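Here's a quick tour for anyone opening this structure for the first time. Have a look at it, then read on.

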Amino acid sequence: MKLMIGPSSRGLGKRLSMLLPFDLIIFEWKVFPDGESYFRLLSNVDDSVILVHSLSPPQDKRVVELFLLLKLLRDYKVRNIILVVPYLAYMRQDKRFLDGEVVSIEVIADLLKTYDIDRYVFVDVHSSEVLKFFGDRAVELSAFPLIGDFLLKYQLVNPIIIAPDAKAFKYAETVAKIIGAESDYIVKRRDRSSGAVESELKEFNVTGRDVILVDDIISTGGTMVNAIKMFREYGANRIFACCTHGLFIGNAVVNMFNAGVYDIISTDTIESYYSKVSVAPIIASAINLLLNKH
Ligand code: R5P
């Protein structure tokens, strides 16, 4: 068994390699002046390989790189592949929300099927529908227990864990259990064409309390900004914005700080300054479990 770390997961891959007893596959990676990626193996592969490659921005480029790496492994006769995709791009388009739309994640899943991947490991996929496209070969891990543990480092003042929409409430419940706090959620509406989000006003008793907002993804930050502003008005003490996948598009971070967030916490499924929690330990445990079952 060998470990191959794709270009988008170098930090996470390094942390993972310290937790797993497998040699790394060494390869050359470069990007030609026109933007096309190039890979060349510089070490032997093995019969079985764990490939770790996040589909973080620029997603389309990362998708192509993933298929170049898979083709390389198959060309060099790798028989078993465990594919770890810490951030699965296109997973939010898991159904036809409007007539005429393409179900993007189904396209990604169909393309991956042509490589007959043995097992997939994902972290906090957007919905259970996403997993259905990958069948019983997919394992989903959650970063929220790790985020909960991380939050224990702060001296939290009468904390309340809040999801910015009903879908994320299960994450809030996980974190709340670890911290020993209550949890709740906001009712959010998103305009499917413009992407604009609106939060429904609901009574929350947060005066003087630390509010921990948790969501799977922070993208433009719009969802979090709405929630942060709302809890500022309600007299919250510190407000934390936590997520597994921190895309932080455009001015997301600045907008959240301008709205009054105290701290932002994300993981290394997408690497950034705010990747304060590593998902390496849960990926390592999942791989050990999968290998012991073989
Ligand atoms: C959507 O349902 C997700 O769970 C997130 O709430 C969403 O992706 C966040 O997007 P944004 O940061 O652009 O508001």
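How many aromatic pairs does the count come to? By the ring rule (Phe, Tyr and Trp rings, the last by its six-membered ring, with centres within 6.5 Å), the count comes to 16. Keep in mind that this is a predicted model, where local features need pLDDT of at least 70, side-chain atom pairs count only at pLDDT 80 or more, and totals for chains, interfaces and linings use all residues. Residues are numbered from 1 along each chain as its sequence is written, and side-chain values use heavy atoms, leaving out hydrogens and water.

**Aromatic pairs**

- Phe-32 and Tyr-38 have ring centres 5.6 Å apart and planes at 75°, so they make an edge-to-face pair; planes over 60 degrees apart get that label, under 30 count as stacked, and the rest as tilted.
- Phe-32 is partly exposed at 34% relative accessible area, and Tyr-38 is partly exposed at 26%. Here buried means under 20%, exposed over 50%, and partly exposed in between, with a 1.4 Å probe and protein chains only.
- Tyr-154 and Phe-240 are also edge-to-face, at 4.8 Å centre to centre and 75° between the planes.
- That pair links distant parts of the chain, 86 residues apart: Tyr-154 sits in the loop between helix 5 and strand 9, and Phe-240 in strand 14 (residues 239–246). Helices (H or I, at least four residues) and strands (E, at least two) are DSSP runs, numbered from the N terminus.
- Both Tyr-154 and Phe-240 are buried, and they form one aromatic cluster with Phe-150 and Tyr-262.

**The ligand and its surroundings**

- There are 14 residues around the ligand, and Asp-215, Asp-216, Ser-219, Thr-220 and Thr-223 come nearest; a residue counts as near if one of its heavy atoms lies within 4 Å.
- An N or O atom in the side chain of Asp-215 is 2.5 Å from a ligand oxygen, and a polar side-chain atom of Asp-216 also lies 2.5 Å from an oxygen atom of the ligand.
- Gly-221 joins in with a polar backbone atom, 2.8 Å from a ligand oxygen.
- Taken alone, the ligand exposes 380 Å², and the protein buries 91% of that (Shrake-Rupley areas with a 1.4 Å probe).

**His-126**

- His-126 is in the loop between strand 7 (119–123) and helix 4 (128–132), and is buried at 18% relative accessible area.
- The side chains of His-126 and Asp-216 share a polar contact of 2.7 Å. Such a contact is a pair of N or O atoms within 3.5 Å; within protein, one must be able to donate a hydrogen and the other to accept it, and residues adjacent in sequence count only if both atoms are side-chain atoms.

**Helix 6**

- In helix 6 (residues 169–179), the residues Tyr-171, Ala-172, Val-175, Ala-176 and Ile-179 are buried. They cover an arc of only 135° around the axis, which puts them on the same side of helix 6; the arc is that of the directions from the helix axis to the C-beta atoms.
- Gly-180, with a positive phi near 75°, follows helix 6.

**Backbone oddities**

- Most residues other than glycine have a negative phi, and most peptide bonds are trans.
- Pro-57 and Pro-58 are joined by a cis peptide bond, with omega about 0°.
- Lys-77 has a positive phi near 70° and is exposed at 63%.
- Phe-248 has a positive phi of about 45°, but is buried at 13%.
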